[in-house]
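Let's take a friendly walk through the inside of a protein chain. Have a look at the picture below, and then read on.

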Amino acid sequence: MNPFNTMRVATAVAVSGVAIFSLAVGQTNKMVQEAYALRMAGDADAALEILELAVAENPDDAAAWHELARTKNHIGLGNPRSMVEGMNDIQAAAEKAAGLEPDNLIYAVWKAKTRGTGAYISLKQQAPDAKKKVLEYVEAYERVLELQPDYHEARLALVEYLKMLPAEMGGNPAQAEEYTRQLEKADAILGAQAREMLQGPETDTIEFWQKTMENHPDNADVLERLGKAYLYRQSEKGIEHLKKATELDAAKNTLHLDIARYYMYQAMRDADTLKALAPKMNNAFEAYINSQPAPV
């Protein structure tokens with residue numbers, strides 16, 4: 001699977017969750033509000049303590065379970081081993097929230113998101129339950145589409161798994177093609193992203209996105225895809241396109257992290273380049289930290 005595709009889908013889901021949660025936060029109990037504020041202030045460990053107490057006191061509070069899943073996920077992002085070891089707990093909290101309020105779109109999305117991460121971990125570990133987890137992930141996003149048929153990012157997430165995996169691991173190219181056609185009718189850019197996923201390794205992704213840009217000039221999503229296609233082949237052009245995408249769409253501020261990661265990987269491959277790349281890496285991280293909307 002293309003890690004940039006996975007990252008894009010995950011980011012879209014995370015941003016959606018933050019946006020809608022922020023609208024609903026005033027309706028949740030004070031403990032959840034306090035925990036959310038602490039996490040946003042950088043004290044996720046304190047938030048975790050409050051939320052664990054909250055769900056113990058009120059196990060039927062879906063918002064508390066939802067924020068508990070998000071907080072554990074937040075902590076895991078800073079510690080990959082913790083994420084892998086704690087994935088079952090993260091998923092259990094997300095599943096609990098979705099089970100308590102099965103018609104809540106955001107809880108359904110987070111349930112699918114955590115199932116996707118769990119499936120990815122099982123696939124990487126070649127665990128016996130990997131196929132089962134993949135099918136559960138597909139089922140969860142299909143539920144999202146039942147709740148909101150025009151949630152096109154869910155189709156895009158499904159295309160990636162259904163196309164990239166062999167049938168014995170839950171893949172279904174025919175279904176991926178159907179979702180891609182639906183996306184192409186509904187949203188040209190998301191449709192193009194799905195179509196790229198269906199292409200074989202012989203496809204020139206730079207040429208693919210250049211052609212797409214002919215019909216959609218100055219589109220931030222197309223610039224992002226073209227930038228990532230360029231990044232490891234013509235890095236300066238790639239970075240140029242990614243920066244332009246952030247200028248056109250401030251919500252794409254996480255692309256600064258992609259740029260920082262690129263410099264980091266190059267330095268890891270060749271330690272002699274670290275001195276020259278370190279300032280560029282720091283500039284990219286600072287651009288993200290100082291960006292608006294504020295990183296969450």
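## A trio of tyrosines

In this predicted model, Tyr137 and Tyr161 are both buried. Tyr141 is buried as well. Together, Tyr137, Tyr141 and Tyr161 make up one aromatic cluster.

How do the rings in this cluster sit relative to each other? A pair of aromatic rings is described by the distance of the centres and the angle of the planes. For Tyr137 and Tyr141, the centres are 5.3 Å apart and the planes stand at 90°, which is an edge-to-face pair. These two tyrosines are four residues apart in helix H7, so about one helical turn separates them.

The other pair to look at is Tyr137 with Tyr161. Here the ring centres are 4.4 Å apart and the planes meet at 45°, so the pair is tilted. Because Tyr137 belongs to helix H7 and Tyr161 to helix H8, this pair ties together parts that are 24 residues apart in sequence. By the rule for aromatic pairs, the count comes to five.

## The nonpolar cores

Now zoom out from the rings. The largest nonpolar core has 30 residues, and those that touch the most other members are Tyr141, Val144, Tyr151, Leu158, Val159 and Tyr161. Tyr141 and Tyr161 may look familiar, since they also belong to the aromatic cluster.

Which elements give two or more residues to this core? They are helix H6 (105-125), helix H7 (130-147), helix H8 (152-164), helix H9 (173-186) and helix H10 (188-198). The largest share, eight residues, comes from H7. There is also a second, separate core, with 24 residues, including Ala192, Phe208, Leu223 and Met281.

## Glu196 and its neighbours

Next, find Glu196, which has its place in helix H10. Is Glu196 buried or exposed? Its relative accessibility is 13%, and buried means under 20%, so Glu196 counts as buried.

What does Glu196 touch, if residues up to four places away in sequence are not counted? The contacts are Thr205, Phe208, Trp209 and Arg225. One of these, Phe208, is also a member of the second core.

## A lysine over a ring

One last stop: look for Trp110 and Lys113. Lys113 lies over the face of Trp110, at 4.4 Å from the ring centre.

Conventions: Residues numbered from 1 in each chain as written. Predicted model: local features only at pLDDT ≥ 70, side-chain atom pairs only at ≥ 80, totals over all residues. Heavy atoms only, no water. Core = buried A, V, L, I, M, F, W, Y, C linked by side-chain atoms within 4.5 Å. Buried < 20%, exposed > 50% of the residue type's maximum accessible area, 1.4 Å probe, protein only. Contact = heavy atoms within 4.5 Å. Phe/Tyr/Trp six-rings, centres within 6.5 Å; stacked < 30°, edge-to-face > 60°. Lys NZ or Arg CZ within 6 Å of the ring centre and 35° of its normal.
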